[in-house]
Amino acid sequence: METKPDKAEEVSAAQSVSEAGGSLSPVHEGSDGEMPLSGHLQEFRSRLIICLAAVAVASGVSYNFVEEIIDIISAPAGKLYFLNPAEVFFSYIQVAVCTGVLVTLPIICYELWGFVRPALMPSERAAVFWLIPTAVLLFYAGLAFSYYAVFPAAVLFFMGFATASLQPMFSLSSYLSFFIAFMLPFGVVFELPLVLFFLAKMGLITSAFLKSKRRVLIVVAFIFAAVVSPTTDIFTQVMIAVPMIVLYEASILLVRFILRK
């Protein structure tokens, strides 16, 4: 007599019943409404496959335009050289894959959002929903700022050490490594206003707090620049640290505006 209520509870919790034989079909959620660990791992695997497939397709398409992409990348330095036969091929692969990752970054972030969304509260979902695309746009903005405003000046600075007996000849692989290492920190640094904005919305910081930590931020900015800089010269470190300090000052105004509203 007590089997029917128990079965009804299982049907309500699992939301899936197989009538044949009176047995339950495989479920994706436990009796407490939470997905089991195997379900999370399966979902993570499927989303990871989607991301890898998107990157592979975008990289394949990018490979068809790799020469044009390298022309854009090498514009500040001019002509590049290769020192061994395999250098060009592997450099082409590197450029195609990096381009594929950048192009599919919105897809990767969307899959990440889909994975963490069930674990968030409704209010948290609303915050993260606009947080992820904003982070992607700021990352792109940091790369664009670096390429158009900072990287050409850095290349000219280093080329200024040339003499009559010492002429610059950048190899393709070394130049690409320098370019990538120089660009990525700016994409990360441009996330600073978004991080501070999010902390202010949560009530964890205020504009007065940020003002009091201004000196600390300056020190942290130069330490960060020294760690992520592709070279050890002070010029490159300053070029990375100064935008970070400027963005911090802009974040103070942004946080003050948020708190006033």
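This dialogue works through the nonpolar core, the salt bridges and the aromatic pairs of a predicted model.

Me: Where should I begin with the nonpolar core, and which residues have the most contacts inside it?

Reply: The largest nonpolar core has 50 residues, and those with the most contacts inside it are Phe 151, Phe 182, Leu 210 and Tyr 248. At least two residues of this core come from each of α3 (66-73), α4 (85-103), α5 (105-116), α6 (122-159), α7 (172-189), α8 (192-201), α10 (214-228) and α11 (234-260). The largest share, 10 residues, is supplied by α6.

Me: Which residues is Leu 210 in contact with, leaving aside its neighbours within four places in sequence?

Reply: Once those neighbours are left aside, Leu 210 is in contact with Leu 196, Ile 205, Tyr 248, Ser 251, Ile 252 and Val 255. Tyr 248 is thus a partner of Leu 210, and both of these residues are among those with the most contacts inside the core.

Me: How should I read the salt bridges, and how many does the structure hold?

Reply: The general idea is that side chains of opposite charge can pair when their charged atoms come close. In this structure there are three salt bridges, and a network of them links Glu 43, Arg 47 and Glu 111.

Me: Where in the chain do the partners of Arg 47 lie?

Reply: One partner, Glu 43, has its closest O atom 3.1 Å from the closest N atom of Arg 47, and both residues lie in helix α2 (residues 37-63), four residues apart, which is about one turn of the helix. With the other partner, Glu 111, the closest N and O atoms are 2.8 Å apart. That second pair links distant parts of the chain, with Arg 47 in helix α2 and Glu 111 in helix α5, 64 residues apart.

Me: Are the members of this network buried or partly exposed?

Reply: Since buried means under 20% relative accessible area, Glu 43 counts as buried at 17%, and Glu 111 is likewise buried at 9%. Arg 47, with a relative accessible area of 21%, is partly exposed.

Me: What does the salt bridge between Arg 214 and Glu 249 tie together?

Reply: The side chains of Arg 214 and Glu 249 meet at 2.6 Å, N to O. Arg 214 lies in helix α10 and Glu 249 in helix α11, so this salt bridge ties together parts that are 35 residues apart in sequence. Arg 214 is partly exposed, at 31% relative accessible area, and Glu 249 is also partly exposed, at 29%.

Me: How is a pair of aromatic rings described, and which kind of pair do Trp 130 and Phe 197 form?

Reply: A pair of aromatic rings is described by the distance of the centres and the angle of the planes. The count here comes to 19 aromatic pairs. Trp 130 and Phe 197 form one that is edge-to-face, at 5.3 Å centre to centre with 75 degrees between the planes. Because Trp 130 lies in helix α6 and Phe 197 in helix α8, the pair ties together parts that are 67 residues apart in sequence. Trp 130 counts as partly exposed at 32% relative accessibility, whereas Phe 197 counts as buried at 19%.

Me: Which geometry do Phe 145 and Phe 186 have?

Reply: Phe 145 and Phe 186 form a tilted pair, 6.2 Å centre to centre, with 50 degrees between the planes. Phe 145 lies in helix α6 and Phe 186 in helix α7, so the pair ties together parts that are 41 residues apart in sequence. Phe 145 is partly exposed, with a relative accessible area of 32%, while Phe 186 counts as buried at 0%.

Note on methods: Residues are numbered from 1 along each chain as its sequence is written. This is a predicted model: local features need pLDDT of at least 70, side-chain atom pairs count only at pLDDT 80 or more; totals for chains, interfaces and linings use all residues. Side-chain values use heavy atoms; hydrogens and water are left out. A nonpolar core is a set of buried Ala, Val, Leu, Ile, Met, Phe, Trp, Tyr and Cys residues joined through side-chain atoms within 4.5 Å. Buried means under 20% relative accessible area, exposed over 50%, partly exposed in between (1.4 Å probe, protein chains only). Contact means heavy atoms within 4.5 Å. A salt bridge is a side-chain nitrogen of Lys or Arg within 4 Å of a carboxyl oxygen of Asp or Glu. Rings of Phe, Tyr and Trp (its six-membered ring) pair if their centres lie within 6.5 Å; planes under 30 degrees apart count as stacked, over 60 as edge-to-face and the rest as tilted.
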